[in-house]
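Ready for some practice at reading a protein model? Keep the viewer open and try each exercise before you look at the solution.

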Amino acid sequence: MSPDVNGNGTVALARRFLPSISLLCSFEAAARHQNFTTAATELHLTQSAISRHIRALEVQLGADLFTRERQTVRLTMAGETYAREIREALKHISTATLGFRASPSGGTFNLAVLPTFGARWMAPRVPAFGLLHPDITINLFTRPAPFEFAAEALDAAIHYGLPDWPGAEMEFLMHEHVVPVCSPDMAARSSFRTPSDLLCAPLLHLVSRPDAWERWFHAHDVDACQIHGMLCDQFATITQAARAGAGLALLPRFLIAEELARGELHEIAPPAPQMAEEAYYLVWPVNRTRYAPLVAFRQWILTAVAAG
């Protein structure tokens, strides 16, 4: 059987071009600091050791990584590109090692989460998953937008949007129902009886969903061509602004359940019919479909979503 068929040849070829970790760590530190002495202090080595490591790496690569000018060094253009890639590779190795140490007898599950979903829905439920699967450690990493799984040491992601993620498989989780909310004081001072009454109130807008109010009014058959109001770029900020009485916010009910339960926000109208095609999905790379921690998490989250 040829090396290309069984893969052994590919692994052996890759090993030929794999410098030692010590050389790569010295290079990464020197590239980050643009200074061999500072890199040596960070790694508890001598400046001459760092210099030897860099020179050995350059010999192995067959090209200079740094331009040396008197007492200073600076990365070459090719060195800058190589430094970025090596830094990411070292980060992946570090993450894998940390994950193994956290759960040496079981498995780790690295999940990318949307910031607010992760903080308000996912994190509080991690203990429940842990009780059912004590041998699996969940690691949460914030990712606000889709990414390339091939470039990240992540097993799956929670995605909000259309069911479109190239090179990945998806499982529908849920739609979200948004409701207009405000502070109790604002609700008491105002007379919101019909959806059109909300046009007279200050409206708060989330930058990531700039047309949410337009779609809400449209779903209630209210003509709202021009809507103005304060913009917020974070969910936490718009929630606090609504609590403080700055205006009405249109927020997913399941993400503000605590504020509603404590009476810090007041729901002033029922949710509109489903307004958006977007939804929450569990997404994972095709090559991780059979990964045991992912299989367990997938089954668990579907049950958790169904339970509300």
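## Exercise 1: Two loops and a backbone angle

R70 counts as exposed, because its relative accessibility is 85%. Keep in mind throughout that you are working with a predicted model.

**Task.** Find the loop that holds R70 and the one that holds H44, then say which sign phi has in each residue.

**Solution.**
- Step 1. Start with R70, which sits in the loop joining β1 (66-69) to β2 (72-75).
- Step 2. Read its backbone angle: phi of R70 is near 55°, a positive value in a residue other than glycine.
- Step 3. Move to H44, in the loop between α4 (36-43) and α5 (47-61). Phi of H44 is near 60°, again positive in a residue other than glycine.
- Step 4. Ask why these angles deserve a look: most residues other than glycine have a negative phi.
- Step 5. Check the surroundings of H44. With a relative accessible area of 73%, H44 lies over the 50% cut-off, so it is exposed.

## Exercise 2: A helix residue beside a loop

**Task.** Decide whether A40 is buried or exposed, and list its contacts beyond four places in sequence.

**Solution.**
- Step 1. Place A40 in helix α4.
- Step 2. Compare its relative accessible area with the cut-off: 3% is under 20%, so A40 is buried.
- Step 3. Leave aside neighbours within four places in sequence; A40 is then in contact with L45, T46, Q47 and I50.
- Step 4. Look back along the chain as well. S26 is 14 residues from A40 in sequence, and their C-alpha atoms are 7.8 Å apart.

## Exercise 3: Two residues in one loop

**Task.** Work out how R143 and A151 are classed by accessibility, and which residues R143 touches.

**Solution.**
- Step 1. Locate R143 in the loop between β4 and β5. A151 is found in the loop between β4 (136-142) and β5 (156-161).
- Step 2. Class R143: its relative accessibility is 23%, so it counts as partly exposed.
- Step 3. Class A151: at 43%, this residue also counts as partly exposed, because its value falls between the 20% and 50% cut-offs.
- Step 4. Collect the contacts of R143, without neighbours up to four places away: A112, V113, L114, E152 and L154.
- Step 5. Add the distances. R143 and L114 are 29 residues apart along the chain, with 5.7 Å between their C-alpha atoms. For A151 and E88, the separation is 63 residues along the chain and 8.6 Å between C-alpha atoms.

## Exercise 4: Into the interior

**Task.** Find out which residues touch I138 and T239, and which members of the largest nonpolar core touch the most others.

**Solution.**
- Step 1. Begin with I138 in strand β4. Its relative accessible area is 14%, so I138 is buried.
- Step 2. Not counting residues up to four places away in sequence, I138 touches F109, F129 and F297. The C-alpha atoms of I138 and A123, 15 residues apart in sequence, are 9.8 Å apart.
- Step 3. Follow F297 to the largest nonpolar core, which has 40 residues; L111, I158, Y280, L282, F297 and I301 touch the most other members. Helix α12 (residues 292-306) gives the most to this core, with 7 residues.
- Step 4. Recall the background: in soluble globular proteins, nonpolar side chains tend to be buried together.
- Step 5. Turn to T239 in helix α10 (residues 235-243). T239 counts as buried because its relative accessibility is 1%. Beyond four places in sequence, T239 touches R120, L251, E259 and L265.

## Exercise 5: The whole chain

**Task.** Set the radius of gyration of the chain beside the value for a compact globule, and describe its overall make-up.

**Solution.**
- Step 1. Take the globule value: for 308 residues it would be near 19 Å, but the protein chain has 26 Å.
- Step 2. Add the extent of the C-alpha trace, about 75 × 50 × 35 Å along its principal axes.
- Step 3. Note the secondary structure: 12 helices and 12 strands.
- Step 4. Check the burial: 38% of the 308 residues are buried.
- Step 5. Consider contacts between residues at least 6 apart in sequence; 72% of them join residues at least 24 apart.
- Step 6. Finish with the surface and the charges. The accessible surface is about 17400 Å², and carbon and sulfur atoms account for 56% of it. There are 25 positive and 30 negative side chains, with the centres of the two sets 9 Å apart.

How values were computed
Residues are numbered from 1 along each chain as its sequence is written. This is a predicted model: local features need pLDDT of at least 70, side-chain atom pairs count only at pLDDT 80 or more; totals for chains, interfaces and linings use all residues. Side-chain values use heavy atoms; hydrogens and water are left out. A nonpolar core is a set of buried Ala, Val, Leu, Ile, Met, Phe, Trp, Tyr and Cys residues joined through side-chain atoms within 4.5 Å. Buried means under 20% relative accessible area, exposed over 50%, partly exposed in between (1.4 Å probe, protein chains only). Helices (H or I, at least four residues) and strands (E, at least two) are DSSP runs, numbered from the N terminus. The radius of gyration is taken over C-alpha atoms; the globule rule is 2.2 Å times the number of residues to the power 0.38. Contact means heavy atoms within 4.5 Å. Accessible areas come from the Shrake-Rupley method with a 1.4 Å probe; for residues, only the protein chains shown count as cover. Lys and Arg count as positive and Asp and Glu as negative; His and the chain ends are not counted. The place of a charge is taken as NZ of Lys, CZ of Arg, CG of Asp or CD of Glu.
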